[in-house]
Every structure is written in C-alpha cells, then in structure tokens.
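Q: Please take a close look at one strand and its surroundings. Work outward from its pairings to the residues that follow it.

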Amino acid sequence: MSFKEISPEQAWEMVQNGAMLADVRDPQRFTYSHAKGAFHLTNQSFLQFEELVDFDSPIIVSCYHGVSSRNVATFLVEQGYENVFSVIGGFDGWVKAGLPIETAY
C-alpha cells in the first residue's frame, strides 16, 4: 500500500468533504500562510494528529513544492493510515491554483 499524488484542486475538493489536510512546512511559513483548514503536522503535533484522524480517514499531505510531502505520506502509510495523498506542487501549487489560504496578517 502506498500514497497517491493528487492536484491541489482535487485536494481542496477532498478537504471540503472532510479529508484532513496536513501541512508539514516549518512553523514560520505555516504561521505566515497555509491552505485554509490545514493542520500543522510536526513531530511535536503528531500525537494530537493521531487523536484526530482515524486510520481509514483520507489524509492529504502538503509541503513546499510537493517533494518532502511524499516522505511524510510514506511514513503515514507505514504507520497504518490507508488513504494517504500528497499534493502535487505543494503549497506553491495550491497558491498558483488560486485556492483559499489563511494568513497571519
């Protein structure tokens, strides 16, 4: 079992239907701006993440450009999560697609 790569538009549609969007970028960038409704997934927040998400819930991982999210998606699959996705293009692709974001200012 492995993860699937999806477009930012597909990810946003899934988020609106209840999927968990996990942003794995550094705290400064996440705080500055992130996809609307994203959960900041870090080593420190992983326990909280585990409490929020069931093993069969859809999980979408997003990073800067869609590279490191693949590693995190693989890790989640190894932990037993069954419906794991990685956003092609990451947050950069999300912004270029004109999808909703939340910002600190």
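**Strand β5 and its surroundings**

A: Start with a pairing: Leu-21 has Ile-60 as its bridge partner in β5. The model is a predicted one, and everything below should be read as such. Leu-21 belongs to one face of β2, together with Asp-23. Met-20 and Ala-22 point the other way from that strand. In a regular strand, side chains alternate between the two faces of the sheet. Both pairs in β2 are buried.

The next pairing involves Met-20. Met-20 stands opposite Ile-59 in β5. Overall, β2 (residues 20-23) and β5 are joined by 4 bridges. The two strands run parallel.

Now turn to β5 itself. This strand spans residues 58-62. How much of β5 is buried? The count is 4 of its 5 residues, so the strand is largely enclosed by the rest of the structure. Buried here means under 20% relative accessible area.

β5 also has a pairing with β6. Here again 4 bridges are found, and the sense is parallel. Pro-58 stands opposite Asn-83 in β6. So β5 has parallel pairings with β2 and with β6.

Follow β6 a little further. The strand covers residues 83-87, and Ser-86 sits in it. Ser-86 has a relative accessible area of 0%, so it is buried. Which residues does Ser-86 touch, beyond those up to four places away in sequence? Phe-3, Lys-4, Glu-5 and Ile-6 are among them. So are Val-61, Gly-66, Ser-69 and Arg-70. Val-61 lies within the span of β5.

β2 has a further pairing, with β4. β4 is made of residues 39-40 and pairs with β2 in the parallel sense over 2 bridges. Ala-22 has Phe-39 as its bridge partner there.

Next, leave β5 toward α4 (68-78). Cys-63 lies in the loop between the two. An unreviewed UniProt entry places the feature "active site" at Cys-63. Is Cys-63 buried or exposed? Its relative accessibility is 1%, so Cys-63 counts as buried. Leaving aside neighbours within four places in sequence, Cys-63 is in contact with Val-24 and Arg-25. Ser-68, Ser-69, Gly-90 and Phe-91 complete that contact list. Ser-69 is also touched by Ser-86.

Val-24 leads on to the largest pocket, which it helps to line. The pocket holds about 150 Å³ of space. Its other lining residues are Leu-41, Thr-42, Asn-43, Phe-46, Val-72 and Phe-75. By class, the lining has 5 nonpolar residues, 2 polar ones and no charged ones.

For contrast, look at the approach to β2. Asn-17 is placed in the loop between α1 (8-16) and β2. With a relative accessible area of 65%, Asn-17 is exposed. Its C-alpha atom is separated by 20 Å from that of Val-95. The two residues are 78 apart along the chain.

Finally, the wider frame. The unreviewed UniProt entry annotates "domain: Rhodanese" over residues 15-103. That stretch is 37% helix and 25% strand. Its end C-alpha atoms are 18 Å apart.

In short, β5 is largely enclosed. β5 pairs in parallel with β2 and with β6. The loop between β5 and α4 holds Cys-63.

Conventions. Residues are numbered from 1 along each chain as its sequence is written. This is a predicted model: local features need pLDDT of at least 70, side-chain atom pairs count only at pLDDT 80 or more; totals for chains, interfaces and linings use all residues. Side-chain values use heavy atoms; hydrogens and water are left out. UniProt positions are given in the numbering used here, feature names are shortened, and annotations may be inferred rather than shown by experiment. On a 1 Å grid over the protein atoms alone, a cavity is a set of points where a 1.4 Å probe fits but cannot get out, and a pocket is an open set with protein on both sides within 12 Å along at least five of seven lines; lining residues have an atom within 4 Å of a point. Grid points are joined across faces, edges and corners, and a volume is the space filled by probe spheres set on the points. Ala, Val, Leu, Ile, Met, Phe, Trp, Tyr, Cys and Pro count as nonpolar, Asp, Glu, Lys and Arg as charged, and the others, Gly among them, as polar. Buried means under 20% relative accessible area, exposed over 50%, partly exposed in between (1.4 Å probe, protein chains only). Contact means heavy atoms within 4.5 Å. Two strands pair if DSSP finds at least two bridges between them.
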